[in-house]
Amino acid sequence: MAKQPALPTTPPKGAPAPASYEEALAERETLVGAMERGEMPLDRLLVETDCPYLGEEPGARNEPAAVARTAAYAAEVWSVSSDIAAAQLATNFEQLFGTPP
């Protein structure tokens with residue numbers, strides 16, 4: 001059996017799916033503020049699709065392509081390129097799960 005990777009001492013942070021909804025402005029402002037203050041650094045972030053019925057807008061179907069838009073938004077907040085954010089997100093995934101995405 002392969003050796004299990006060590007878990008990070010600080011778990012990756014997450015955001016609720018409704019943060020993308022226009023009605024969830026307060027949640028989005030809290031999330032972006034945490035990112036800007038360094039409380040959610042890029043090396044601690046993972047992005048994922050939550051489920052088919054929690055799309056980017058209420059009533060919209062969620063698709064895996066939404067992950068790319070979320071990663072691009074994180075890159076914008078941190079003022080890095082989408083390529084840098086994507087590479088870091090892949091590293092974060094591999095560090096947590098012990099396998100590349």
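What follows is a walk through the helices of this protein, how they pack, and a few residues picked out along the chain. The model is a predicted one, and every value below is computed from it.

Start with the overall layout. The protein holds three helices and zero strands, so the element order is easy to remember by the definition of the runs used here: from the N terminus on, it reads α-α-α. Of the 101 residues in the protein, 26% are buried. As for contacts with a separation of 6 or more, 58% of them link residues that sit 24 or more positions apart.

Now for the first packing pair, H1 with H2. The axes of these helices lie 9 Å apart, and the packing angle is about 55°. That value makes H1 oblique to H2, because the roughly perpendicular class only begins at 65 degrees. The crossing itself is right-handed as H1 passes H2. On the H1 side, the residues involved are Arg28, Val32, Met35 and Glu36, and they meet Tyr73, Ala74, Val77 and Trp78 of H2. Sorted by class, this contact of H1 with H2 comprises six nonpolar residues and two charged ones, with no polar residues.

The second pair is H2 with H3. Helix H2 covers residues 66-78 and helix H3 covers residues 82-97; their axes come within 8 Å and cross at roughly 115°. The two helices are therefore roughly perpendicular to each other, a class that takes in angles from 65 to 115 degrees. Here too the handedness can be stated: H2 passes H3 in a right-handed crossing. Ala71, Ala72 and Ala75 supply the H2 side of the contact, while Ser82, Ala85 and Leu89 supply the H3 side. In terms of class, the contact of H2 with H3 has five nonpolar residues, one polar residue and no charged residues.

Helix H3 also carries some aromatic interest. A pair of aromatic rings is described by the distance of the centres and the angle of the planes. The count for this model comes to one aromatic pair. The partners are Phe93 and Phe97, with 4.7 Å from centre to centre and 45° between the planes, which puts the pair in the tilted class. Phe93 and Phe97 are four residues apart in helix H3, so about one helical turn separates them. As for solvent, Phe93 has 26% relative accessibility and therefore counts as partly exposed. Phe97 counts as partly exposed as well, because its relative accessibility is 47%.

Three further residues fill in the part of the chain that comes before H2. Glu22 is found in the segment before helix H1 (25-36). With a relative accessible area of 56%, Glu22 is exposed, since the exposed class starts over 50%. Glu22 and Glu56 are 34 residues apart along the chain, yet their C-alpha atoms are separated by 9.3 Å.

Ala34 belongs to helix H1. Its 12% relative accessibility means that Ala34 counts as buried, the cut-off for that class being under 20%. Setting aside residues up to four places away in sequence, Ala34 touches Glu39 and Met40.

Val47 sits in the loop between H1 and H2. At 24% relative accessibility, Val47 counts as partly exposed. Apart from its neighbours within four places in sequence, Val47 is in contact with Val67, Thr70 and Leu89. The last of these partners can be given a distance too: the C-alpha atoms of Val47 and Leu89 are separated by 7.6 Å, with their positions 42 residues apart along the chain. Leu89 has already come up as one of the H3 residues in the contact with H2.

Note on methods: Residues numbered from 1 in each chain as written. Predicted model: local features only at pLDDT ≥ 70, side-chain atom pairs only at ≥ 80, totals over all residues. Heavy atoms only, no water. Axes fitted to C-alpha atoms, helices over the stretch in contact; angles between N-to-C directions. Parallel < 35°, antiparallel > 145°, perpendicular 65-115°, else oblique. Left-handed = near helix turned anticlockwise from the far one by under 90°. Contact = heavy atoms within 4.5 Å. Nonpolar A, V, L, I, M, F, W, Y, C, P; charged D, E, K, R; others polar. Phe/Tyr/Trp six-rings, centres within 6.5 Å; stacked < 30°, edge-to-face > 60°. Buried < 20%, exposed > 50% of the residue type's maximum accessible area, 1.4 Å probe, protein only.
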